[in-house]
Every structure is written in C-alpha cells, then in structure tokens.
Amino acid sequence: MREHSQYLVKVSEELDVYRRHLLFEQELTYQQTQVFEKVNIARAWLKEGYSDSKVLDLLRTDEKTRLQERRAREVMAIAYELYADIRLNRNPDGLKLLYAEIFKDAAQLVLSEAQKAFKEGDRKGGSELMKTFKALNAEAAQLDGAYDAKVNDLSGKKKPTKVVIKRVSKNVNGQKQDDFTEEAHFEVKE
C-alpha cells in the first residue's frame with residue numbers, strides 16, 4: 001500500500017462530494033461551498049488559457065483564494081477532474097474540435113440570414129451568404145477531419161524491398177511435384 005493512501009482517499013472523497021453537488025444538486029456545507037468557489041475560480045483561469053504553474057501561483061497569492069501550495073494543487077486537480085471542458089481545451093484535438101463547433105455555429109447563423117434574404121427577395125445577398133455558409137461548413141469539416149484520407153495499414157510495413165520465389169521440384173513415387181516458396185523482406189515503418 002502506498003505511504004499516502006489515506007491522503008488520496010481523503011481527496012477522492014472530497015471530489016465525490018463536489019461531483020454529487022454538480023450532478024444531483026446536493027447541498028454543500030459552508031466550508032465546502034468556499035472550496036467549490038475556489039475550484040470554479042481555478043477553472044475560469046484554466047479556461048482563459050493560463051498555464052498550470054500560473055494558476056497555482058494565482059491560487060496561492062490572489063486575495064480571493066489564498067491557499068497553501070499543497071491545497072492549491074488539490075484544488076486545481078479537482079477542477080481538472082470535475083470539468084471535462086478544461087481537459088478538452090488543453091487537448092490539441094479537443095481545441096480543434098472546439099473551433100470546428102464555433103465554425104458550425106457561425107455557419108448556422110449565416111444560413112438563417114441567407115434564408116431571410118431569400119424570403120425578402122434579395123437573391124444576390126442571399127447567394128453571397130450561401131457562399132459564406134459553404135466556406136464555413138468546409139472549414140468546420142476540415143477541422144473535424146472529414147476530409148482526412150488516412151490509410152489503415154494493418155501490417156505496419158512498407159512495400160517489400162526484396163521478394164524471392166523459390167521453385168523446388170520433387171520426385172515422389174515417380175511423380176514430379178513442384179513446390180513454391182516465397183520470401184519477402186519488408187521495411188518497417190518508423
């Protein structure tokens with residue numbers, strides 16, 4: 001058993017309290033409410049793009065939080081664990097998907113404006129808005145990876161560099177039999 005297992009159990013129990021509060025709207029005590037507010041402050045700083053070390057410094061020095069180093073690390077870990085959107089923003093693919101969603105939302109707004117323009121009889125304005133709509137959708141699809149043409153090479157090898165086919169003739173019970181064997185040498189992908 002690890003040396004600090006009781007400490008880990010304590011932090012995990014605290015995390016469960018905040019999960020129940022978020023999911024089931026369970027009431028928090030005054031002290032838990034204070035900590036939960038600090039978790040939300042840390043989440044806001046992380047979403048703004050501050051680095052982990054900067055958030056730790058702010059948690060220790062800001063007037064609203066004033067935490068010790070160890071507690072600041074706990075609060076930041078709880079913020080990461082409770083709110084998946086922070087992790088999504090930190091992940092490069094998650095950030096890419098977030099931008100794709102922004103482009104999709106913008107495309108829907110442009111589409112509604114184009115439909116209004118067509119209803120009002122403004123065909124030129126509507127067609128320009130439709131071009132913008134198509135461009136935004138194409139950008140979103142590009143970010144989503146809809147145009148990625150990935151080849152699934154399950155063998156993990158490139159083209160063969162040398163292929164040797166051997167023909168062996170055998171005489172079995174007076175009958176001639178040909179056996180073919182094939183050897184292939186592949187380059188391994190790096």
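# Reading the helices, cores and salt bridges

Student: Which is Leu 23, buried or exposed?
Tutor: Leu 23 has a relative accessibility of 63%. Buried means under 20% relative accessible area, exposed means over 50%, and partly exposed lies in between (1.4 Å probe, protein chains only). On that scale, Leu 23 counts as exposed.

Student: What kind of model is this?
Tutor: Residues are numbered from 1 along each chain as its sequence is written, and side-chain values use heavy atoms, with hydrogens and water left out. Local features need pLDDT of at least 70, side-chain atom pairs count only at pLDDT 80 or more, and totals for chains, interfaces and linings use all residues; the model is predicted.

Student: How many helices and strands does the chain have?
Tutor: Helices (H or I, at least four residues) and strands (E, at least two) are DSSP runs, numbered from the N terminus. From that end, the elements run α-α-α-α-α-α-α-β-β. The count is seven helices and two strands.

Student: Which helix holds Leu 23, and what area does its nonpolar patch expose?
Tutor: Leu 23 is found in helix α1, residues 5-24. Patches are made of residues with over 30% relative accessible area and no salt bridge; like charges are joined within 9 Å, and nonpolar side chains (Val, Leu, Ile, Met, Phe, Trp, Tyr) within 5 Å. Accessible areas come from the Shrake-Rupley method with a 1.4 Å probe, and for residues only the protein chains shown count as cover. Leu 22, Leu 23 and Phe 24 form the patch, and together they have about 350 Å².

Student: Why does the span of helix α2 agree with the expected one?
Tutor: The expected span is 1.5 Å times one less than the number of residues. Helix α2 (residues 30-48) has 19 residues, so it should span 27 Å. Its end C-alpha atoms are apart by that very distance, 27 Å.

Student: Which residue takes a positive phi just after α2?
Tutor: The buried residues of α2 include Val 35, Phe 36, Trp 45 and Leu 46. Just past this helix, a phi of about 105 degrees appears, and the residue is Gly 49.

Student: Why does Leu 46 count as buried?
Tutor: Leu 46 is found in helix α2. Its relative accessibility is low enough to count as buried because the value is 3%.

Student: Which helix supplies the largest share of the largest nonpolar core?
Tutor: A nonpolar core is a set of buried Ala, Val, Leu, Ile, Met, Phe, Trp, Tyr and Cys residues joined through side-chain atoms within 4.5 Å. The largest has 23 residues, and those with the most contacts inside it are Tyr 18, Val 39, Val 55, Leu 59, Met 76 and Leu 82. α1, α2, α3 (52-61) and α4 each supply at least two residues of this core. The largest share, seven residues, comes from α4.

Student: Which residues does Val 55 touch?
Tutor: Contact means heavy atoms within 4.5 Å. Residues up to four places away in sequence are not counted. That leaves Ala 42, Trp 45, Leu 46, Tyr 50 and Met 76.

Student: How far does helix α4 reach?
Tutor: Helix α4 covers residues 69-82, 14 in number. Its buried residues include Ala 72, Met 76, Ile 78 and Leu 82. From first C-alpha to last, and close to the expected span, α4 reaches 20 Å.

Student: Which residue forms a salt bridge with Arg 71, and is that partner buried or exposed?
Tutor: A salt bridge is a side-chain nitrogen of Lys or Arg within 4 Å of a carboxyl oxygen of Asp or Glu. The side chains of Arg 71 and Glu 74 meet at 2.3 Å, N to O. Both lie in helix α4, three residues apart, about one turn of the helix. At 7% relative accessibility, the partner counts as buried: Glu 74.

Student: What is the distance in the salt bridge of Asp 16 and Arg 19?
Tutor: Both residues lie in helix α1, three residues apart. An α-helix has 3.6 residues a turn, so residues three or four places apart point the same way. The N to O distance is 3.3 Å.

Student: Which residues are linked in a network of salt bridges?
Tutor: The structure holds nine salt bridges. In one of them, Arg 60 pairs with Glu 69, with the closest N and O atoms 2.5 Å apart. The network links Asp 57, Arg 60, Glu 69 and Arg 73.
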